[in-house]
Amino acid sequence: MATFPYDDIYQLVREPIDIAALARHVRAPEDGAAVTFDGFVRNQSHNRPTLYLDYEAYESMALAKMREIGAQLHEKYAIHRVAMVHRLGRLEIGDTSVFIAVSASHRAAAFDACRFAIDTLKRTVPIWKKEYFADGAVWADGELPATAAATPRAKPAS
């Protein structure tokens, strides 16, 4: 596994994500909490049965953006380690598409950092999802977190 400062992991992979190994990687004796996010393929989208998904990325830029998110996490939150991995290619229902793990001395920092990481990844990292249905396929819009009194704006691809 490729590492970055803080012994973090940032990867794009085409094989199944080893979530157990990543969760173990972020844990250390000085930590008191690890929070994980496991995003996986669901069997429907917009009330249509989904057959499978296909993810593509501008890989060098996606990895650079993931590392930027990690640097922001270390600046904003009192965390120890981060693992952020996104899968590319064809994914079946139930397959993990994105996994993020964050460790910290205290749970609040780990929770906050993990939420920031997935929300920022979905908004800024150039990874695109194509959803396949029985009657065709569509490129999906990115999902933005709900905000109070949100103003309409263009959604980036995810």
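Start with the aromatic rings: the structure, which is a predicted model, holds 2 aromatic pairs. Select Tyr 52 and Tyr 132 to see a stacked pair, so classed because the ring centres lie 4.3 Å apart and the planes meet at 15°, where planes under 30 degrees apart count as stacked. Colour strand E5 (residues 48-57), which carries Tyr 52, and strand E9 (residues 127-133), which carries Tyr 132, and you will see that the pair ties together parts that are 80 residues apart in sequence. Are these two tyrosines, Tyr 52 and Tyr 132, buried or exposed? Both Tyr 52 and Tyr 132 are buried.

Keep Tyr 52 on the screen and add Arg 90, which lies over the face of the Tyr 52 ring, at 3.5 Å from the ring centre. A second arginine to select is Arg 48, which is placed over the face of Phe 133, at 3.9 Å from the centre of that ring.

Next, show the backbone of E5 and E9, which run antiparallel and are joined by 7 bridges. Within this pairing, select Glu 56 and look across to Trp 128 in E9, which stands opposite. Then follow E9 onward to strand E10 (residues 136-139), with which E9 pairs in the antiparallel sense over 4 bridges. The connection between E9 and E10 is a hairpin that passes through 2 residues, and one bridge to pick out here is that of Glu 131, whose partner in E10 is Val 138. Before leaving E9, switch on a surface for the rest of the structure: 5 of the 7 residues of E9 are buried, so this strand is largely enclosed by what surrounds it.

Now turn to the nonpolar interior. Which residues have the most contacts inside the largest nonpolar core? Select Leu 73, Ile 79, Met 84, Ile 100 and Leu 121, which hold that place in a core of 31 residues. Several elements each supply at least two residues of this core, including strand E2 (8-13), strand E3 (33-40), E5, helix H2 (59-76) and helix H3 (107-124). The largest share, 8 residues, comes from H3.

Centre the view on Leu 121 and, leaving aside its neighbours within four places in sequence, display the residues in contact with Leu 121, namely Met 66, Ile 69, Met 84, His 86 and Val 98. As a last stop, select Ile 9, Val 13, Ala 83 and Val 85, which are among the 9 residues of another core that lies apart from the largest one.

Notes. Residues are numbered from 1 along each chain as its sequence is written. This is a predicted model: local features need pLDDT of at least 70, side-chain atom pairs count only at pLDDT 80 or more; totals for chains, interfaces and linings use all residues. Side-chain values use heavy atoms; hydrogens and water are left out. Rings of Phe, Tyr and Trp (its six-membered ring) pair if their centres lie within 6.5 Å; planes under 30 degrees apart count as stacked, over 60 as edge-to-face and the rest as tilted. Buried means under 20% relative accessible area, exposed over 50%, partly exposed in between (1.4 Å probe, protein chains only). A charge sits over a ring if NZ of Lys or CZ of Arg is within 6 Å of the ring centre and within 35 degrees of the ring normal. Two strands pair if DSSP finds at least two bridges between them. A nonpolar core is a set of buried Ala, Val, Leu, Ile, Met, Phe, Trp, Tyr and Cys residues joined through side-chain atoms within 4.5 Å. Contact means heavy atoms within 4.5 Å.
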